[in-house]
Amino acid sequence: MIQGFVHALRIQSKIIFIVIRNLSGLTQVVVEASNPEFEVAKGLTLESVIRASGEMKDAPQAPGGKEMHPTKIEI
């Protein structure tokens with residue numbers, strides 16, 4: 001689980017990239033169109049406060065080298 005402020009948000013047609021900022025730094029959350037939380041993620045704005053739960057995966061291109069694929073997003 002990770003929680004914090006939405007620092008950056010890139011909404012594309014089939015994927016959404018959310019960068020969350022908290023005391024431990026920046027973490028990227030990736031939500032694909034097939035994810036049930038896609039509509040929740042589309043409603044986010046910069047500086048929204050969220051909590052995301054899901055699986056962390058290694059991703060060299062992501063800030064911090066890891067990204068989360070969420071199963072639940074709470075605003």
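This passage describes the fold of a predicted model and the surroundings of selected residues.

The chain contains one helix and five strands. Read from the N terminus, these elements follow the order β-β-β-α-β-β. The radius of gyration is 11 Å, close to the 11 Å expected from the globule rule for 75 residues, so the chain is as compact as a globular protein of that length. The C-alpha trace extends over about 25 × 25 × 20 Å along its principal axes.

Turning to burial and surface, 39% of the 75 residues in the chain are buried. The accessible surface amounts to about 4,500 Å², and carbon and sulfur atoms contribute 55% of this area. Contacts across the sequence are also well represented in the model: of those with a separation of 6 or more, 43% join residues 24 or more positions apart.

Strand S1 covers residues 2-11, and isoleucine 2 belongs to this strand. With a relative accessibility of 11%, isoleucine 2 counts as buried, because the cut-off for burial is 20%. Beyond its neighbours within four places in sequence, isoleucine 2 is in contact with Ile20, Asn22, Thr27, Ile50, Arg51, Ala52 and Met68. The last of these partners, methionine 68, is 66 residues away along the chain, and the two C-alpha atoms are separated by 8.9 Å.

Strand S3 supplies two further buried positions, beginning with valine 29. The relative accessibility of valine 29 is 1%, and this residue therefore counts as buried. Setting aside residues up to four places away in sequence, valine 29 touches Ile16, Phe17, Ile18, Ile20, Met68 and Pro70. Methionine 68 lies 39 residues from valine 29 in sequence, yet the C-alpha atoms of the pair are 4.6 Å apart in space.

Valine 30 is likewise placed in strand S3. Its relative accessible area is 4%, so valine 30 is buried. The partners of valine 30, again without residues up to four places away in sequence, are Ile15, Ile16, Phe17, Glu67, Met68, His69 and Pro70. Histidine 69 stands 39 residues from valine 30 in sequence, with a C-alpha to C-alpha distance of 5.4 Å. Methionine 68 thus appears among the contacts of isoleucine 2, of valine 29 and of valine 30.

The loops offer a varied set of surroundings. Asparagine 35 is found in the loop that links strand S3 (25-32) to helix H1 (38-42). Although placed in a loop, asparagine 35 counts as buried at 14% relative accessibility. A polar atom of the asparagine 35 side chain lies 2.7 Å from the backbone oxygen of proline 70. Proline 70 is also one of the residues touched by valine 29 and by valine 30.

Glutamate 47 occupies the loop between H1 and strand S4 (49-58). Here the backbone has a phi near 70°, a positive value in a residue other than glycine. Glutamate 47 counts as partly exposed, with a relative accessibility of 43%.

Glycine 65 lies in the loop that joins S4 to strand S5 (66-74). This glycine is partly exposed, at a relative accessible area of 26%. Apart from residues up to four places away in sequence, glycine 65 touches Lys57, Asp58, Ala59 and Pro60. Threonine 27 is 38 residues from glycine 65 along the chain, and their C-alpha atoms are separated by 8.7 Å.

Finally, the aromatic rings were examined. The count of aromatic pairs is zero. A charge does, however, sit over a ring: the charged end of arginine 10 is placed over phenylalanine 17, at 4.5 Å from the centre of the ring. Phenylalanine 17 is also among the contacts of valine 29 and of valine 30.

Technical notes
Residues numbered from 1 in each chain as written. Predicted model: local features only at pLDDT ≥ 70, side-chain atom pairs only at ≥ 80, totals over all residues. Heavy atoms only, no water. Phe/Tyr/Trp six-rings, centres within 6.5 Å; stacked < 30°, edge-to-face > 60°. Lys NZ or Arg CZ within 6 Å of the ring centre and 35° of its normal. Helix = DSSP H or I, 4+ residues; strand = E, 2+ residues; numbered from the N terminus. Rg over C-alpha atoms; globule rule 2.2 N^0.38 Å. Buried < 20%, exposed > 50% of the residue type's maximum accessible area, 1.4 Å probe, protein only. Contact = heavy atoms within 4.5 Å. Areas by Shrake-Rupley, 256 points an atom, 1.4 Å probe, with all protein chains shown as cover. Polar contact = N/O pair within 3.5 Å; in protein donor to acceptor, adjacent residues only side chain to side chain.
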